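The following exercises are to be worked through with the structure in view. Each task is followed by a solution in steps.

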Amino acid sequence: MKQFQTVVIGAGPGGYEAALELARAGVKTLLIDKSKEHIGGVCLNEGCVSTKNYLQYAEFAAKASYFGSRGVELEMKGLDIKALAMHTISLKDELRTGVAWLLEQAGVEMLYGSASFIDDHYLSVSDETIEFDHCIIATGSKAQELSILPIDGKHIISSREVFELQALPRSIVIVGGGLIGCEFATFFSAFGVEVTMVVRGTQLLSSEDEDLSKALLRAFKKRSINILLSASVSEVQVEVERVKLAINAQNEERIECDLVLCATGRIPYTDGLKLENAGIKQSDKGFIEVNSAFQTTQGHIYAVGDCIDTFGYAHTAYTEGRIASHNIITGEAVTNTHITPSTVFSDPQVATCGLSEKEAKRLGLAIDVKKAYFKANAKAKILGDDAGFMKIILSPQDEIVLGASIVGAEAVEIIHLLSAAIERKVTLKELAGMIYAHPTISEIIRNL
Ligand SMILES: Cc1cc2nc3c(=O)[nH]c(=O)nc-3n(C[C@H](O)[C@H](O)[C@H](O)COP(=O)(O)OP(=O)(O)OC[C@H]3O[C@@H](n4cnc5c(N)ncnc54)[C@H](O)[C@@H]3O)c2cc1C
């Protein structure tokens, strides 16, 4: 039987980051995942990296069409999605090899197989028993399936199967108006696929402020994306080549399409872990319960990333993995006090951080709101993308920046400047008083 000071379950962003920190601090660490191909988790293998690679092609197509009508002589013949899929596989292989190399260099021991708890100090992995002093669970999440839309991988797919498509559909219905739904609507519409979004709520990106979501809706409609709000699928009929859907919306709709993408959110993945054997509690929604130092109901067992109820982002998982390992190494109970940026790589991009206007209203907080539009920004004009805006939420007493949101070009990059301002309790005067390179989108801060 093998014995480790710390065992980490799951080699996604949360797990591998934690394992690296632990091993670099001299802790005897084992990292377990189902197979070598799972290193990097959902993020590397079927999430962040793949979607962003696909979206880079979409951005190129959109730019080509913009500059094509302004003098660049290009002939756009469409997308060879097989070539894109192949490129994405080699990109992922390269990145996975890089992560595996980092783990090896740090001295992390790897074990492949499905882990399950025997009790609160022993795990079983493919007939092997592992003893641990501490454990970090980082088993991530899986796509939520709707009983009315069972994923068959052919006509009704989840985000994972998008990367296996060998031909672009002529039409697609995307069920869900969250991050994943909006990013795929951007991708497919950029290549002329007829896109319909079926969104249960009253707006795209339901947790964001209404003005952001309206700006995204406007841009999507301009691109002929058909968006059905307050809508749900009530009937599905799969035929040889087509899927027929009945949609409950303002008016009862019947839609036919080649493909349905179910993008209705992610749920925590703890299948087969046998958490009950270790006395680890889960919430009603299946999240592993943790305190602010990421300890589960067993103090020596931690949980991080998508399997707990925090923001479902890779950067959240990385941060939590680092903090949990710090707590194991030092015996401290450090919490995550950082500001998490929320990012949607749609076209236009949407990025937010800190307090939103919606949340301030819900909490009854007095705030000041300032907005600056991209219309007068030189860089936005040069990019041919001047429909966006930046919004800042300020404390009315001292003008300290409490929250920020951006919809428009380069939003996912600029947001970090605003996260830093919120974390460091900077005032708008201080932020706007900095020197910004010209012409950049960031300099719009001076117009707030
Ligand atoms: C389409 C899509 C796009 C996304 N885009 C972004 C983005 O742009 N930016 C961003 O920040 N986030 C994005 N995300 C979210 C991001 O992928 C997740 O937040 C992140 O992967 C969570 O990391 P994690 O370490 O918690 O778990 P995961 O990455 O899910 O990794 C969990 C690992 O645990 C392993 N595992 C599970 N159970 C066991 C077991 N019993 N034994 C052994 N191993 C086990 C799994 O095999 C897996 O490798 C996206 C997600 C999707 C689906």
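Helices (H or I, at least four residues) and strands (E, at least two) are DSSP runs, numbered from the N terminus. The model is a predicted one, in which local features need pLDDT of at least 70, side-chain atom pairs count only at pLDDT 80 or more, and totals for chains, interfaces and linings use all residues. Residue numbers start from 1 along each chain as its sequence is written.

**Exercise 1. Locate Glu410 and Ser224, and determine whether each is buried or exposed.**

Solution. Step one is to place the residues. Glu410 lies in the loop between strand 22 (401–407) and helix 11 (411–423), whereas Ser224 lies in the loop between helix 7 (210–222) and strand 11 (226–228).

Step two concerns the backbone. Phi is near 60 degrees for Glu410, a positive value in a residue other than glycine. For Ser224, also not a glycine, phi is positive and near 65 degrees.

Step three applies the cut-offs: a residue is buried if 20 or more other C-beta atoms, placed from the backbone, lie within 10 Å of its own, exposed if 12 or fewer, and partly exposed in between. Glu410 is buried because 20 other C-beta atoms lie within 10 Å. Ser224 has 10 C-beta neighbours inside 10 Å and therefore counts as exposed.

**Exercise 2. Find which peptide bonds to Pro348 and Pro439 are cis, and place both prolines.**

Solution. The bond from Asp347 to Pro348 is cis, with omega near 5 degrees. Pro348 sits in the loop between strand 18 (342–344) and strand 19 (350–354). The bond that joins His438 and Pro439 is also cis, with omega about 0 degrees, and Pro439 belongs to the segment after helix 12 (428–433).

**Exercise 3. Compare the span of helix 3 with its expected value, and state what covers its buried residues.**

Solution. The expected span is 1.5 Å times one less than the number of residues. Helix 3 (residues 48–68) has 21 residues and so should span 30 Å; its end C-alpha atoms are 29 Å apart, which agrees.

Next, its buried residues are Val49, Ser50, Thr51, Tyr54 and Ala58. Their cover includes helix 2 (41–46), helix 4 (81–106) and helix 6 (179–190), where contact requires C-beta atoms, placed from the backbone, within 7 Å.

**Exercise 4. Describe the surroundings of the ligand.**

Solution. A residue is counted as near if its C-beta atom, placed from the backbone, lies within 6 Å. Around the ligand there are 37 residues, of which Gly10, Gly12, Gly41, Gly140 and Gly305 come nearest. At least two shell residues come from each of helix 1 (13–24), strand 2 (29–33), helix 2, helix 3 and helix 8 (314–330).

**Exercise 5. Identify the members of the largest nonpolar core that touch the most others.**

Solution. A nonpolar core is a set of buried Ala, Val, Leu, Ile, Met, Phe, Trp, Tyr and Cys residues joined through C-beta atoms within 7 Å. The largest has 77 residues, and Ile174, Val175, Val260 and Leu261 touch the most other members. Helix 6 gives this core its largest share, eight residues. Leaving aside residues up to four places away in sequence, Val260 touches Leu149, His155, Ile156, Val173, Val175, Val243 and Leu245. A second, separate core of 49 residues includes Ala11, Leu22, Ile130 and Ala303.

**Exercise 6. State how domain 2 and domain 3 are placed relative to each other.**

Solution. By an automatic or database domain assignment, the chain comprises domain 1 (2–143 + 267–330), domain 2 (156–264) and domain 3 (348–447). The centres of domain 2 and domain 3, taken over C-alpha atoms, are 29 Å apart. Seven residues of domain 2 are in contact with eleven residues of domain 3.

How values were computed. Two residues are in contact if their C-beta atoms, placed from the backbone, lie within 7 Å.
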